[in-house]
Amino acid sequence: MNVLVTGAAGRLGSCVCRLLGEIGMTFTAVDRVPDEQASYSVKVVDLLDWEACDELLKGVDVLVHLASNTKWDSGSPQEVLKENTSMDMNVFQAAADSGCHRIVFSSSIQVCNGQLPVGDRASHEIALPYIPIDSDMPALARNGYSLSKQVGENLLNYFSDTHGMTCVAIRYPLLLDSNLLAK
């Protein structure tokens, strides 16, 4: 089985690659930046480049898509939304075209209750209707990043439905700051 890990130089990607290596799994690690400290090779690839994604996904059985622009509070919301949805569409379409059968997508709890910018936190109402969070939790995107993750989940559903792929989106809870999560 050939696994492709995007975002391999990031916090989640480096953990996934390390674990795949420890169990002897064959994988390819890619990121937009090199990682000279990694014990595995990280190929530098721009996932905004369709042709690069199309070539990258050839022969891949499992896509672990962890790459994203995470600057939800410091970058332009338009740029974050555009970059993330373009990367998601490129790798999901390339996976479908190449016959990849499984996708694991790194989403975020922010899909359920996206944080407002830091300056607006005093008026930030916690909108989680219930805990524990599950896949039926309604979306409430409040920034470009959380909206991009909601769109990514919708794209994932589309490719699952139209191409018969097994797809899962994982909403990581630690991306909320601890004070907000405690509330």
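Me: How are the strands ordered in the open sheet?
Reply: In this predicted model, 6 strands form an open sheet in the order β3-β2-β1-β4-β5-β6, and their pairing is parallel.

Me: Which ones are the edge strands?
Reply: The edge strands are β3, residues 42-44, and β6; each of them pairs on one side only.

Me: And by what angle are neighbouring strands turned against each other?
Reply: On average, neighbouring strands of this sheet are turned by 20° against each other, with direction ignored.

Me: What holds strands of a sheet together in pairs?
Reply: As a general rule, the strands of a sheet pair through backbone hydrogen bonds, in either a parallel or an antiparallel arrangement.

Me: How many bridges are there between β2 and β3?
Reply: β2 and β3 pair in the parallel sense over 3 bridges. Across from Val44 in β3 stands Asp31.

Me: How many bridges join β1 to β2?
Reply: There are 5 bridges joining β1 to β2, and these two strands run parallel. The bridge partner of Val3 in β2 is Phe27.

Me: Why is β1 described as largely enclosed?
Reply: Of the 5 residues of β1, 4 are buried, so the strand is largely enclosed by the rest of the structure. "Buried" here refers to a relative accessible area under 20%.

Me: Let us step back to the protein chain. How many helices and strands does it have?
Reply: The secondary structure of the protein chain comes to 6 helices and 6 strands. Along the sequence, they follow the pattern β-α-β-β-α-β-α-β-α-α-β-α.

Me: What share of the chain is buried?
Reply: The protein chain has 183 residues, and 40% of them count as buried.

Me: What share of the contacts joins residues 24 or more positions apart?
Reply: Considering contacts in the protein chain with a separation of 6 or more, 69% are between residues 24 or more positions apart.

Me: Which strands does α1 lie across?
Reply: Helix α1 lies across β1, β2, β4, β5 and β6, and it runs at about 160° to β1.

Me: What about α5?
Reply: Helix α5 lies across β5 and β6, running at about 160° to β5.

Me: Now the pockets, please. What is the volume of the largest pocket?
Reply: The largest pocket has a volume of about 600 Å³. It is lined by 30 residues, and those closest to its centre are Leu66, Ala67, Ser68, Asn69 and Thr70.

Me: Which elements give two or more residues to that lining?
Reply: They are α1 (11-22), β2 (26-31), α3 (77-98), β5 (102-108) and α5 (144-163). The element that gives the most to the lining of the largest pocket is α1, with 3 residues.

Me: How does the lining of the largest pocket divide by class?
Reply: The lining of the largest pocket has 13 nonpolar, 10 polar and 7 charged residues.

Me: And the second largest pocket, what is its volume?
Reply: The second largest pocket has a volume of about 320 Å³. Its lining consists of 15 residues, with Asp134, Ser135, Glu153, Ala169 and Arg171 lying nearest its centre. The elements giving two or more residues to this lining are α5 and β6 (166-172).

Me: Which of the elements gives the most there?
Reply: Helix α5 gives the most to the lining of the second largest pocket, with 6 residues. By class, that lining divides into 7 nonpolar, 5 polar and 3 charged residues.

Me: I would also like to look at Leu12. Where is it?
Reply: Leu12 is in helix α1. Leu12 is partly exposed, because its relative accessible area is 31%, and partly exposed residues fall between the limits of 20% and 50%.

Me: What does Leu12 touch?
Reply: Not counting residues up to four places away in sequence, Leu12 touches Leu66, Ser106 and Tyr172. Leu12 and Leu66 are 54 residues apart in sequence, while their C-alpha atoms are 7.0 Å apart in space.

Me: And Leu57: is it buried or exposed?
Reply: Leu57 is buried, with a relative accessible area of 0%. Leu57 lies in the loop between α2 (50-56) and β4.

Me: Which residues is Leu57 in contact with?
Reply: Leaving aside neighbours within four places in sequence, Leu57 is in contact with Leu4, Leu63, Val91, Ala94, Ala95 and Ser98. Leu57 and Val91 are 34 residues apart along the chain, and 7.5 Å separates their C-alpha atoms.

Definitions and conventions: Residues are numbered from 1 along each chain as its sequence is written. This is a predicted model: local features need pLDDT of at least 70, side-chain atom pairs count only at pLDDT 80 or more; totals for chains, interfaces and linings use all residues. Side-chain values use heavy atoms; hydrogens and water are left out. On a 1 Å grid over the protein atoms alone, a cavity is a set of points where a 1.4 Å probe fits but cannot get out, and a pocket is an open set with protein on both sides within 12 Å along at least five of seven lines; lining residues have an atom within 4 Å of a point. Grid points are joined across faces, edges and corners, and a volume is the space filled by probe spheres set on the points. Ala, Val, Leu, Ile, Met, Phe, Trp, Tyr, Cys and Pro count as nonpolar, Asp, Glu, Lys and Arg as charged, and the others, Gly among them, as polar. Two strands pair if DSSP finds at least two bridges between them. Axes are lines fitted to C-alpha atoms, for helices over the stretch in contact, and angles run from 0 to 180 degrees between N-to-C directions. Contact means heavy atoms within 4.5 Å. Buried means under 20% relative accessible area, exposed over 50%, partly exposed in between (1.4 Å probe, protein chains only).
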